[in-house]
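Student: I have a protein model open in front of me and I would like to learn how to read it. Could you walk me through a few features?

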Amino acid sequence: MAAAGAEEGSLRELRLEVRSFLEAQRRAGAFVPAVDGWQSGIDPEFSRALGGRGLVGMTVPVEYGGHGRTQAERYVVLEELLASGAPVAAHWVADRQMAPAILKHGTPAQRERLLPGIAAGERLFAIGMSEPDAGSDLASIRTRARREGGGWRLRGTKVWTSGAHRATNALVLARTADSETRHAGLSQFVVDLPHPDIHVKPLHTIDGGSHFNEVVLDDAWIPEAALLGQEGAGWAQVTAELAYERSGPERLLTTMPLLRAWDAARRREATSLGPRDAIGPVVSRVIALREMSRAVAEVIQDGGDPAVAAAMVKDSGTLFEQHLVDEVRRAVDAELDPDAAGLTGLLAQAVLRAPAFTLRGGANEVLRSIIVKGLR
């Protein structure tokens, strides 16, 4: 990355530009701020609007329809999107991990076909990893891919597949060969959706949402060109991609709209919304976690392997987010109604969604085992 002094002015200008755009969108009724907008706020039209302004696929090279910008610039945009509570779930996975995965492992044809659509906010990806009997233990997945007719047949079931009902593509992890080593014999495939032999069923969550899905692969045929990277190298590829998934600011800013609403309400009613000094410790934790997350972005920019640091960010960040929800709930004496406006509505949303924070992207117990092994 460039020196901080050289970038600070341009980053500030970019931040204000994005903030102004989001405020205009909010005032125009394009979205209502919500908690967890990067996971459950699926709005393809809003994603396309961001893509049209160059705010998706920012680090994708210009020759593939992107904008060739830095991780620092992208990080600024992500922070503003999350803090505003914008509905960015439609393109989030495609921008966060699929673009870098395709750049690193994709063929020239895959890059030319997929990356321009990602940068435009039009390619919407789902990730087919978890299975009914293999949640965080990806090495035990049962989905199989076998060669047939110049392509592959996929058979198996994926669960907790976010956004699959609206996705144009899915990245599927499947076993292509048996091996005594559980981590061997796995491969990744980029599958076009919808597909006549891939059935997507909603999984309803406690808040009434259905952005999670069960995806049944019923001997679905896909062409040879769907293979991403090397056959049998799926484990190494997917673990590298998880660093992108676990280290971003969404792991600590999911509840930022709630924190902002709590702060604004306290300024109006300082004595009725918790102890006077309650917000200070919360904000200090955000600042520390933000520095951790930004450090991982720098490692990614420099081509390093941030797997252990990313696991630390995800573990600490999601625990913090649950802590914030508990703090606000203790301070706000109001009936929880997720459809209410302002602080009480945001709090209700957060209470219903917080239990999943420490599960998605890898349970904390799994993350801690990664950290321990990496620090030995």
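Tutor: Gladly! Keep in mind that this is a predicted model. We start with one term: a residue is called buried when its relative accessible area is under 20%.

Student: Which residues of strand β1 are buried on its two faces?

Tutor: Strand β1 covers residues 125–128. Phe125 and Ile127 are buried on one side, and Ala126 and Gly128 are buried on the other.

Student: How many bridges join β1 to strand β4?

Tutor: There are 4 bridges between them, and the two strands run parallel. Look at Ala126, for instance: its bridge partner in β4 is Ala170.

Student: Now the helices. Why does the length of α10 agree with what a helix should span?

Tutor: Count 1.5 Å a residue, using one less than the number of residues. The 23 residues of α10 should therefore span 33 Å, and its end C-alpha atoms are indeed 33 Å apart.

Student: Which residues of α10 are buried, and what covers them?

Tutor: Among the buried ones are Ile279, Val286, Leu289 and Ile300. Their cover includes α4, α7, α8, α9 and α11. Just after α10, look for Gly303, which takes a positive phi of about 80°.

Student: And how many residues does the largest nonpolar core have?

Tutor: That core has 52 residues, and those with the most contacts inside it include Leu22, Trp262 and Leu343. Helices that each supply at least two of its residues include α1, α10 and α12. The largest share, 7 residues, comes from α4. A second, separate core of 24 residues includes Phe125, the β1 residue we met earlier, along with Ile102, Leu171 and Leu173.

Definitions and conventions:
Residues numbered from 1 in each chain as written. Predicted model: local features only at pLDDT ≥ 70, side-chain atom pairs only at ≥ 80, totals over all residues. Heavy atoms only, no water. Core = buried A, V, L, I, M, F, W, Y, C linked by side-chain atoms within 4.5 Å. Buried < 20%, exposed > 50% of the residue type's maximum accessible area, 1.4 Å probe, protein only. Pairing = 2+ DSSP bridges. Contact = heavy atoms within 4.5 Å.
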